[in-house]
Structures are given as C-alpha cells and as structure tokens.
Amino acid sequence: HIMHGLSWTLFACLLLQDMSAERSEEEEEMMRKENQVYRASELLADWFESEHIEVYYGEFLLAQWILEKSPWNAYHSGLAFVDNRTGNKCLYDYAPVDVSSVMNMFMPQMQAGPSNMMFLGDYEFVWKDGARTQLELQWPGNYEKFEMLGVLNGSVFKAYTEWVAREFAPRHHSFQPLEVAVVDESKIKASNDRW
C-alpha cells in the first residue's frame with residue numbers, strides 16, 4: 001500500500017510540474033504579445049508608409065451557456081489590420097490575464113481576513129480581473145469572424161499604435177466588461193466615473 005501511495009504521489013507531482021511548465025509557456029507567450037505593443041513602432045515601421053490599411057473587427061466564441069432555453073454567448077474580440085501594400089496582418093486585443101474562468105471578470109472572490117472570522121465580517125473582496133493589451137503580428141487562427149470597419153493610411157495607423165503604447169496599455173490593467181449607469185435628472189454617471 002505504501003508503494004501504491006508513493007506512486008500516486010509521484011504521479012501527482014509530475015502532473016503538477018507538467019501543468020506548471022505549460023502555464024509558464026502560456027504566460028511567456030502572453031508577455032511576448034504584451035511587449036510587442038510597446039515595440040510596435042519598431043515592429044510595424046514598414047506599415048507607416050502605406051496608403052491603404054484596412055481595419056477589421058474580429059471575434060471568436062469564448063464561452064456559451066444555455067439559460068432558460070436561450071443561448072448566452074461570450075465573445076472575445078480584437079481590432080485587426082491588413083496592410084494592402086504588403087499583405088501583412090496584425091491584431092490588437094485586450095485580454096484577461098487569468099483565463100481559468102469567465103466568472104473572474106464578473107465577480108470578486110471572498111477571502112478571509114487575518115482573524116479568519118468571516119462570519120463576523122472579517123473578509124476581503126479580491127478581484128482576479130487583471131488584463132493586458134496585446135499585439136499579434138498575424139491574425140490568430142481562433143478568430144472566426146472579421147467585419148471590415150474602414151480604411152486608413154500609414155500615418156493614422158502610426159498615431160494609433162503610439163496611442164495604444166503610450167496612453168491605453170499603461171493605464172488599463174483590469175478587465176471590466178460590465179457597465180453600470182445611474183440616470184439622474186441632472187446627469188448620467190458611468191460606473192468608472194468618480195462620484
């Protein structure tokens with residue numbers, strides 16, 4: 001029985017080690033895509049001379065639920081570009097860091113405080129809704145649908161890539177897909193506005 005227990009323990013350790021290595025490869029890939037955002041002026045420099053860059057909205061089905069006999073779909077989307085002069089493609093997206101559950105984006109986790117007396121109100125809400133802006137230097141194969149939005153030139157595309165790298169990516173680090181608005185006779189406030 002001892003050998004049998006040790007075999008299962010060894011198997012579990014190897015499995016966890018393999019899962020950890022897999023996670024590291026996924027994390028490295030995400031970091032590479034995030035770093036490309038900040039290197040866009042170098043990586044996409046040949047695009048800036050183009051006169052015809054097409055812009056697309058791309059999406060793929062992320063998850064699907066059936067609630068009250070109706071499908072509820074969650075999609076992931078990105079802003080895709082094609083340089084018609086060279087045929088090169090790229091895609092910007094904003095993706096969750098922890099993709100283990102869609103619920104991470106909607107609900108915080110409740111954790112016990114230092115005294116472990118949650119029933120007395122000693123708890124904290126912890127959000128796992130971290131996100132990052134990413135740049136792919138191709139159109140990923142998992143995207144199922146692309147809809148053309150318009151055409152721009154290289155100087156406008158350059159301004160967009162610089163805005164993403166300087167303004168958007170450094171300031172947006174959480175994925176908050178829900179928006180709550182309070183309508184008042186004098187004003188409308190969004191959930192991310194300061195009161």
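A salt bridge, a term that this tour will use several times, is a side-chain nitrogen of Lys or Arg within 4 Å of a carboxyl oxygen of Asp or Glu. The structure on the screen is a predicted model, in which local features need pLDDT of at least 70 and side-chain atom pairs count only at pLDDT 80 or more, while totals for chains, interfaces and linings use all residues. Residues are numbered from 1 along each chain as its sequence is written, and side-chain values use heavy atoms, with hydrogens and water left out.

**The whole protein**

Begin with the whole chain in a cartoon view, where the secondary structure comes to three helices and nine strands; here helices (H or I, at least four residues) and strands (E, at least two) are DSSP runs, numbered from the N terminus. Following the chain along its sequence, you will meet these elements in the pattern α-α-β-β-β-β-β-β-β-α-β-β. Switch to a surface view, and the accessible surface of the protein comes to about 13700 Å², with 56% of that belonging to carbon and sulfur atoms; such areas come from the Shrake-Rupley method with a 1.4 Å probe, and for residues only the protein chains shown count as cover. Of the 195 residues in the protein, 27% are buried, where buried means under 20% relative accessible area, exposed means over 50%, and partly exposed is in between (1.4 Å probe, protein chains only). Among contacts (heavy atoms within 4.5 Å) between residues at least 6 apart in sequence, 67% join residues at least 24 apart.

**First stop: the charged patch on helix H1**

Select Glu25, Glu26, Glu27 and Glu28, which together form a negative surface patch. Patches are made of residues with over 30% relative accessible area and no salt bridge, and like charges are joined within 9 Å, whereas nonpolar side chains (Val, Leu, Ile, Met, Phe, Trp, Tyr) are joined within 5 Å. Asp and Glu count as negative and Lys and Arg as positive, while His and the chain ends are not counted, and the place of a charge is taken as NZ of Lys, CZ of Arg, CG of Asp or CD of Glu. Glutamate 25 sits in helix H1, which covers residues 2-38, and glutamate 25 counts as exposed because its relative accessibility is 56%.

**Second stop: salt bridges**

The structure holds six salt bridges, and three of them can be visited here. Select arginine 39 and glutamate 42, which form a salt bridge whose closest N and O atoms are 2.9 Å apart. Glutamate 42 is exposed, at 53% relative accessibility, whereas arginine 39, at 37%, is partly exposed.

Now move to helix H3 and select glutamate 162 with arginine 166, whose side chains meet in a salt bridge at 3.3 Å, N to O. These two residues are separated by about one helical turn because they are four residues apart in helix H3 (residues 154-171). Arginine 166 is exposed at 57% relative accessibility, and glutamate 162 is partly exposed at 26%.

In helix H3 you can also select glutamate 167 and arginine 171, which are four residues apart and therefore separated by about one helical turn. Their salt bridge brings the closest N and O atoms to 2.3 Å apart, with glutamate 167 partly exposed at 34% and arginine 171 exposed at 56%.

**Third stop: the strands and a nonpolar patch**

Select Trp65, Leu67 and Trp72, which make a nonpolar surface patch of about 330 Å². Tryptophan 65 belongs to strand S1, residues 53-67, and is partly exposed at 36% relative accessibility.

Next, select leucine 79 in strand S2, which covers residues 70-83; this leucine is partly exposed, at 26% relative accessibility. Apart from its neighbours within four places in sequence, leucine 79 is in contact with Val55, Tyr56, Cys90, Leu91, Tyr92, Leu149 and Tyr160. Add glutamate 147 to the selection, and you will find its C-alpha atom 9.9 Å from that of leucine 79, although the two residues are 68 residues apart along the chain.

**Last stop: two serines in loops**

Select serine 50, in the loop between helix H2 (40-43) and S1. Is this serine buried or exposed? Serine 50 is buried, because its relative accessible area is 2%, and, leaving aside neighbours within four places in sequence, serine 50 is in contact with Asp83, Arg85, Asn153 and Gly154.

Finally, select serine 101, in the loop between strand S3 (89-96) and strand S4 (109-112), where this residue is partly exposed with a relative accessible area of 27%. Serine 101 and lysine 128 are 9.8 Å apart in space, C-alpha to C-alpha, and 27 residues apart in sequence.
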